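Colleague: I've got the coordinates open and a list of things to ask. Let's start with the empty spaces and then go on to packing.

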Amino acid sequence: MSTYTSTLGGHSYRFGSLARLLAAASPERSGDRLAGLAASSAQERVAARWALADVPLTAFLAEPVIPYETDDVTRLILDTHDVGAFAAVAGMTVGAFREWLLAADTGELAAVAPGLTPEMVAAVSKLMGNADLVAVARKVRVVTAFRSTIGLPGRLATRLQPNHPTDDPAGVAAALLDGLLLGSGDAVIGINPATDSPKAVRDLLELLDGVIQRYAIPTQSCVLSHVTTSMDLMARGAPVDLVFQSIAGTQAANASFGVTLGLLDEAYEAARGLGRGTVGSNVMYFETGQGSALSADAHHGVDQQTVEARAYAVARRYDPLLVNTVVGFIGPEYLYDGRQILRAALEDHFCGKVLGLPMGLDICYTNHADADDDDIATMLTMLGVAGASFVICTPGGDDIMLNYQSASYHDALYLREVLGLRPAPEFETWLASIGLLGEGGEIRDVSGTAHPLTAIGRELAA
Amino acid sequence: MTLSQVVPVELELWPSLRRHTQARIGLGRAGTGLPTHHRLELQAAHAAAKDAVHSPFEPDVVAAALRGEPTVRVRSAAPDRLTYLQRPDLGRRLDPADRAHLPVGEWDVVFVVADGLSSRAVHEHGAAMVRATTALLPTAWQVAPVVLAEQARVALGDDVASAMGAAMVVVFVGERPGMSAADSLGAYLTYRPKPGVTTDADRNCLSNIRPPLGLSYEVAAGKLAGLMGRARELEITGVGLKDESDHMEVSGRLLQVAAGPHQGEGAS
């Protein structure tokens, strides 16, 4: 392993490996402190950044942060590295790469993506300010499709999340109606089920499929169960649109989620075989988030943001429709406050986009973190400017099933209005056809009317 | 469908739909924002959750409600709330000075009442659960003095049980507060825990003890006492020990799902 040194303020700093250097260069965050990886002083942090700026990008190919022999994510990263695409930046240091990214255009960013590894992208993000992360991510366009098209310029899609603590169909349907009437659901209508039992998951899938078909909604459903549950249900003919899975950046962390790359390969093939998409064939939905590898004691001494970026290498293998970083979900031991959550959100979005993924976010916090709804508004605005593909939305921003706070349907309307963003094109056409779109492209308030969608509600209320 | 077909007739739809869910549906709008009273309601619920996290644990409240049951007070290695929230490892270890005060004995069980992430849950439901559960145990069982633990996570119980020589530990802990429930209590049962070796997979848990909206004391204590009897018989807790009742399975999974996709550990 190489050592890296730097001198700042009359002190010499030494970092024993690339992984140590990356961790020390990370912005202050409680998770890295908990793992014992954080810089011990503000000066050491900046000293690490000076040293990191001089590291050639090729060093990340030569010195994996987790050994090739012990980790299949490392093998995936190195075995699928596209040398041709890398050529454009192969001679650069991390510092020069930062400047190249800031100056590059959309086409150059798309061309280089397959040549970049998660560690290169995580490294360069540590040299970037929040505004840099926004400026570069904004230029990247990743377009995916199933029944709606996600990621087009000037568009913002939303996940409608009608969770219920006991999966009560009437409760789910009531929350679904609420979201649809507020113009939400073009990225996916996705439920976190209370149980992973195949029967319960299938009931929810059929409920969602029924509503989608009844109203011919150009969107896709997902019940976020374990990949093995989805495979089982697909084999038995259940209406599975997207296969969901939580993934992480190391083999051991994925094992703690009960998944392997082989299992994901199988699920991917099975879902593609169903051919349920109409305008595209991206069939996977992945969720990630900083801290999961540390929480599973599977981080191998790598800082939480770098491990998170490695999860995107896993996602990239399966051409997903959606990748969602659930940014503030775990709690303050990983991201302490609104400031740390915002920084992580921008890093994740940047890294995922630059690696070629359709990145969206669950902009969220738990009530034991030092954050509130103003932090949600700040994050939402910055991520909207940064060109996030989609955001998660819950009724009133309060998820009664997972007990955390997220963005609301209202928040998404705000973001579309202030930034002039529109829904996915197919969904926008549908909204217009069903009378929910006003002349200026805004969502019409039809509460208190006999709108056709409220037939769902009338049937429930009866 | 044309716009002219949209006629205002259904103002009463949302109240009838709210029977099916506590989700904040049908809030209405002011432009793209929330109506003022809904915004303030959300802030009030958030404030209750925040206060539940940060309000200090008052062992006296629990001790008084235990009406003369012997108690011992301990603290974790986390010196304050700020540290506690960022360093779950410290919240799982006893302050070394307090370890020495714990009475050693041939205890069949020790109950630990731990503040976790909601002191309010512990103040309101902790003593009642200890009393309800104890009442259902065979009289021959040696029940240790109740340990009242401050800045404590679930695994602190491992340290307590091992220091006291208790065969099993039940930790009643304040759960991570949501906006619709800031006073929810969890119960974690572990047989022969070994600090640093025992994992969450070695525990059985009941969550959402919060009458009248959540699990009642009677039902929760019944399930818990049943599990304790079986744990003693089989000398095991965790994934190897299943409860027959449906609710146990659902709440266990609920907790798991609430913790995933990232396997966050709430109060544990």
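Colleague: How does the lining of the second largest pocket divide by class?
Modeller: A pocket is an open set of points on a 1 Å grid over the protein atoms alone, with protein on both sides within 12 Å along at least five of seven lines, and lining residues have an atom within 4 Å of a point. Ala, Val, Leu, Ile, Met, Phe, Trp, Tyr, Cys and Pro count as nonpolar, Asp, Glu, Lys and Arg as charged, and the others, Gly among them, as polar. For the second largest pocket that gives eight nonpolar, ten polar and five charged residues.

Colleague: What pLDDT do side-chain atom pairs need?
Modeller: Residues are numbered from 1 along each chain as its sequence is written, chains are lettered from A and ligands numbered from 1 in the order in which they are written, and side-chain values use heavy atoms, without hydrogens or water. This is a predicted model, so to speak filtered: totals for chains, interfaces and linings use all residues, local features need pLDDT of at least 70, and side-chain atom pairs count only at 80 or more.

Colleague: Which helix gives the largest share of that pocket's lining?
Modeller: The volume is about 480 Å³, taken as the space filled by probe spheres set on grid points joined across faces, edges and corners. Of its 23 lining residues, A:Asp373, A:Ser408, A:Asp411, B:Leu34 and B:Arg39 are the closest to the centre. Two or more residues each come from helix 19 (373-385) and helix 20 (409-419) of chain A and helix 2 (36-54) of chain B, helices being DSSP H or I runs of at least four residues, numbered from the N terminus. The largest share, five residues, belongs to helix 19 of chain A.

Colleague: And closed space: what volume does the largest cavity have?
Modeller: A cavity is a set of points where a 1.4 Å probe fits but cannot get out, and five of them reach 30 Å³ or more. The largest has a volume of about 90 Å³.

Colleague: Which residues are closest to its centre?
Modeller: Helix 2 (30-34), helix 16 (292-295) and helix 17 (304-316) of chain A each supply at least two lining residues. Of the 17 in the lining, the closest to the centre are A:Gly291, A:Ala293, A:Leu294, A:Gln304 and A:Val307.

Colleague: Which helix gives the most to the largest nonpolar core?
Modeller: A core is a set of buried Ala, Val, Leu, Ile, Met, Phe, Trp, Tyr and Cys residues joined through side-chain atoms within 4.5 Å, with buried meaning under 20% relative accessible area (1.4 Å probe, protein chains only). The largest has 165 residues, and A:Phe60, A:Leu101 and A:Phe350 touch the most other members. The top contributor, with nine residues, is helix 11 (residues 169-181) of chain A.

Colleague: Is A:Leu436 buried or exposed?
Modeller: A:Leu436 is in the loop between helix 21 (425-433) and helix 22 (455-461) of chain A. Beyond four places in sequence, its contacts (heavy atoms within 4.5 Å) include A:Leu180, A:Leu181 and A:His451. Because its relative accessibility is 0%, A:Leu436 counts as buried.

Colleague: Which chain B residues does A:His164 touch?
Modeller: A:His164 has 9% relative accessibility and so counts as buried. Not counting residues up to four places away in sequence, A:His164 touches A:Gly171, A:Val172, A:Ala194 and A:Met401, along with B:His20 and B:Thr21.

Key. Buried means under 20% relative accessible area, exposed over 50%, partly exposed in between (1.4 Å probe, protein chains only).
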